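User: I have a new structure in front of me and would like to learn how to read it. Could you take me through a few features, step by step?

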Amino acid sequence: MDSTYAGAYGHVKALYLDLLKRDEIERIKESKKDEFISVLSSTSYKNEIDAVYNQFKEPDVVDIAVNTHFIRNCNNMLTLLPSMGKGIIKSYLSKIDIQNIKLILAAKLIGKNIELTENMLTIGRGFPAGISGPLISKEEYRNIIEQKDIVEVINYLTRYPYGRVLLPFSVSAELSRDVSGMSLALDIEYYNNLLGNFKFYNGNEGPVLRFIQSLIDLRNIMTVIKEIELNKPSKELLIRGGTIPIEKLSDMSKMKIEDFIKDLPYDLEEANKLYKEDGLIANFEVELKRIIHNKYLPTFRANSLSVAAAMSFIISAEIEKDTIRLNWFKKYYDIERRIIDIGYGI
């Protein structure tokens, strides 16, 4: 590895100074609803809170500040990376844009209004839909949501790789009133692009490849769980590239959920207990993320001179964002019942 490449990843360590410390996270978690924003403002989120506090009301002010902070972290990371490392990180972050595109398409199909408020997309009466991604600019999002229907949105997106994937659906989606085919096509494009942009350069990037494969496992497992609940076949919805063959997952989709999870290489018993209590399959997704992150984050952080270091920072920033937003949501809406935590031990 040349010194320029090594030096670029060396600078990644400095970005960690902007992430919250354990005691700061604990103070946020322990704060009461009426002091939450003040406590958050005493951290590195102060600039974002100050910038939006007088413009927006609760609960949006926290969402917008946290999303803006996350985007700033992503952009700071991208400016530091050498060209060899940017491809995989941009591919990973493109999931934000893909999720937003799915939501915009669905909203257009059912005639819901979409707005872009600072760094947050909202649908209908202020329902938060997603954050403006680090790859598609806010200005471009404004242009996208101004398109009158799905066909115009798809045509506008042809300037991005997403449009090429969606173009075959431009007529059928309007006729069928269904965006599931487009959603699957976007998912396949995302994971193929993620795998395609993975490259061995320093020789120690293997854990990053295995992490990507685990993300495909996560997506496929959640697809099977959803399809078990709906009693529908799932093979055509599964994506190749994970560690669990899709043929095996398809056969397992005939099981009950509690039997299905027992045959997986992930321990989901705790999530299953919560699922039995509240019926929320989201518990499985959160637990899978926790398992995968706990497995790979320590390894990524140890590989300080590879793209793994950049991936570690982005994941850590994501966890921080989700942790703050979940705790704010619970306090603002006074939700006392147990919800599986997403702090991953921060």
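Analyst: Happy to help; we will look at the nonpolar cores, two helix pairs and one serine. Please keep in mind that this is a predicted model.

User: Let's begin with the inside. How many residues does the largest nonpolar core have, and which of them have the most contacts inside it?

Analyst: A nonpolar core is a set of buried nonpolar residues joined through their side chains. Here the largest one has 81 residues, and I89, Y92, F260 and F284 have the most contacts inside it. Take F284 as an example: leaving aside residues up to four places away in sequence, F284 touches M222, I225, I257, I261, L268, A271, N272 and Y275. Apart from that core lies another, of 18 residues, including F36, V39, I64 and W328.

User: Now the helices. At what angle do the axes of α12 and α13 cross?

Analyst: For a helix pair, look at how far apart the axes are and how they are angled. Helix α12 covers residues 180–196 and helix α13 covers residues 206–230; their axes come within 10 Å and cross at roughly 165 degrees. Angles over 145 degrees count as roughly antiparallel, so α12 is roughly antiparallel to α13. The crossing of α12 past α13 is left-handed.

User: Which residues meet there?

Analyst: From α12 come L184, D187, Y191, L194 and L195, and they meet L209, I212, L215, I216 and R219 of α13. Sorted by class, this contact of α12 with α13 has eight nonpolar residues, two charged and no polar ones.

User: Let me try the same reading on α6 and α7. How are they packed?

Analyst: Helix α6 (residues 60–80) and helix α7 (residues 83–110) have axes 11 Å apart, at an angle of about 160 degrees. They are therefore roughly antiparallel to each other, and α6 passes α7 in a left-handed crossing. On the α6 side, F70, C74 and L78 make the contact, meeting K86, I89, K90, L93 and I96 in α7. The contact of α6 with α7 divides into six nonpolar and two charged residues, with no polar ones. You may recognise I89, one of the residues with the most contacts inside the largest nonpolar core.

User: Last one: is S41 buried or exposed?

Analyst: The idea is to compare relative accessibility with a cut-off: under 20% means buried. S41 has 16% relative accessibility, so S41 counts as buried. S41 sits in helix α4, residues 36–41. Again leaving aside residues up to four places away in sequence, S41 touches K46, I49 and D50.

Notes: Residues numbered from 1 in each chain as written. Predicted model: local features only at pLDDT ≥ 70, side-chain atom pairs only at ≥ 80, totals over all residues. Heavy atoms only, no water. Core = buried A, V, L, I, M, F, W, Y, C linked by side-chain atoms within 4.5 Å. Buried < 20%, exposed > 50% of the residue type's maximum accessible area, 1.4 Å probe, protein only. Contact = heavy atoms within 4.5 Å. Axes fitted to C-alpha atoms, helices over the stretch in contact; angles between N-to-C directions. Helix = DSSP H or I, 4+ residues; strand = E, 2+ residues; numbered from the N terminus. Parallel < 35°, antiparallel > 145°, perpendicular 65-115°, else oblique. Left-handed = near helix turned anticlockwise from the far one by under 90°. Nonpolar A, V, L, I, M, F, W, Y, C, P; charged D, E, K, R; others polar.
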